[in-house]
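Visitor: I've got a few minutes and a fresh model on the screen. Could you walk me through it, one question at a time?

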Amino acid sequence: MDHVGSGYGLPGCAGQRLARIEAQAIFTAPLDRVDRIELAGPPGRHLNNVIRGLDSLPVTVTTRRV
């Protein structure tokens with residue numbers, strides 16, 4: 001069998017499904033209290049020849065008044 005480095009297929013981590021559920025909960029839980037999320041500056045790119053990602057993502061969060 002070939003190596004599958006993308007996190008899919010038979011060699012995938014046994015806990016990856018739980019990690020996805022947890023990440024979804026973390027990102028969706030505050031949405032009922034947030035009115036707006038805006039970029040506060042340019043994103044900082046992580047320089048890597050293999051993986052594309054961010055070093056920083058400055059944002060401004062505006063909460064709803066209750």
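**A walk around the chain**

Guide: Let's start with a side chain: at 39% relative accessibility, Glu-38 counts as partly exposed. Bear in mind throughout that this is a predicted model.

Visitor: Which residue does Glu-38 meet in a salt bridge?
Guide: Side chains of opposite charge can pair when their charged atoms come close. Here the N to O distance is 3.0 Å, and the cut-off for a salt bridge is 4 Å. The partner is partly exposed too, at 40% relative accessibility. It's Arg-36.

Visitor: How many salt bridges does a search of the whole structure find?
Guide: You've just met one of them, between Glu-38 and Arg-36. Another joins Asp-32 and Arg-33. The search of the whole structure comes to 2.

Visitor: How far apart are the closest N and O atoms of Asp-32 and Arg-33?
Guide: Both residues are out in the open: Asp-32 is exposed with a relative accessible area of 52%, and Arg-33 counts as exposed at 58%. The pair still makes it as a salt bridge, because the limit is 4 Å. The closest N and O atoms are separated by 3.9 Å.

Visitor: Stepping back, what pattern does the chain follow along the sequence?
Guide: The secondary structure comes to 1 helix and 4 strands. The helix, H1, covers residues 16-28, while strand E1 runs over 34-39 and E4 over 59-63. Read along the sequence, that gives α-β-β-β-β.

Visitor: Which element has the lowest mean pLDDT?
Guide: For the chain as a whole, the mean is 82, with 80% of residues reaching 70 or more. Among the elements, E4 has the highest mean, 93. At the other end, with a mean of 89, sits helix H1.

Visitor: How do E2 and E3 run, and how many residues does the hairpin joining them go through?
Guide: Strand E2 spans 44-46 and strand E3 spans residues 53-56. They run antiparallel, joined by 3 bridges. The hairpin that links E2 to E3 goes through 6 residues.

Visitor: Which residue in E3 does Arg-45 stand opposite?
Guide: E3 covers residues 53-56, so the numbering limits the choice, with strands being DSSP runs. The residue in question counts as partly exposed, at 41% relative accessibility. It's Leu-54.

Visitor: What is the area of the nonpolar surface patch?
Guide: Leu-54 is one of its members, along with Ile-37, Leu-39, Leu-57, Val-59 and Val-61. Strands E1 and E4 each supply at least two of the patch residues. Together the members make a patch of about 540 Å².

Visitor: Why do Ile-37 and Leu-39 count as exposed?
Guide: Both are found in strand E1. Exposed means over 50% relative accessible area, so Ile-37 qualifies at 52%. Leu-39 qualifies as well, with a relative accessible area of 57%.

Visitor: Which residues is Ile-37 in contact with, leaving aside neighbours within four places in sequence?
Guide: One partner is a fellow patch member, Val-59. Ile-37 and Val-59 are 22 residues apart along the chain, yet their C-alpha atoms are separated by 6.6 Å. The full list is Val-59, Thr-60 and Val-61.

Visitor: And what does Leu-39 touch, not counting residues up to four places away?
Guide: In space, the C-alpha atoms of Leu-39 and Thr-60 are 6.2 Å apart, though the two are 21 residues apart in sequence. As for contacts, Leu-39 touches Leu-57, Pro-58 and Val-59.

Visitor: Where does Ala-40 lie, and how far is its C-alpha from that of Thr-60?
Guide: Ala-40 is in the loop between E1 and E2, and at 49% relative accessibility it counts as partly exposed. Its contacts beyond four places in sequence are Pro-58, Val-59 and Thr-60. Ala-40 and Thr-60 are 20 residues apart in sequence, and C-alpha to C-alpha they're separated by 5.6 Å.

Visitor: What percentage of the 66 residues is buried?
Guide: The accessible surface of the chain comes to about 6,200 Å², with 58% belonging to carbon and sulfur atoms. A residue has to fall under 20% relative accessible area to be called buried. Buried residues make up 3%.

Key: Residues are numbered from 1 along each chain as its sequence is written. Side-chain values use heavy atoms; hydrogens and water are left out. Patches are made of residues with over 30% relative accessible area and no salt bridge: like charges are joined within 9 Å, nonpolar side chains (Val, Leu, Ile, Met, Phe, Trp, Tyr) within 5 Å. Accessible areas come from the Shrake-Rupley method with a 1.4 Å probe; for residues, only the protein chains shown count as cover. A salt bridge is a side-chain nitrogen of Lys or Arg within 4 Å of a carboxyl oxygen of Asp or Glu. Buried means under 20% relative accessible area, exposed over 50%, partly exposed in between (1.4 Å probe, protein chains only). pLDDT is the predictor's confidence in each residue, from 0 to 100. Contact means heavy atoms within 4.5 Å. Two strands pair if DSSP finds at least two bridges between them.
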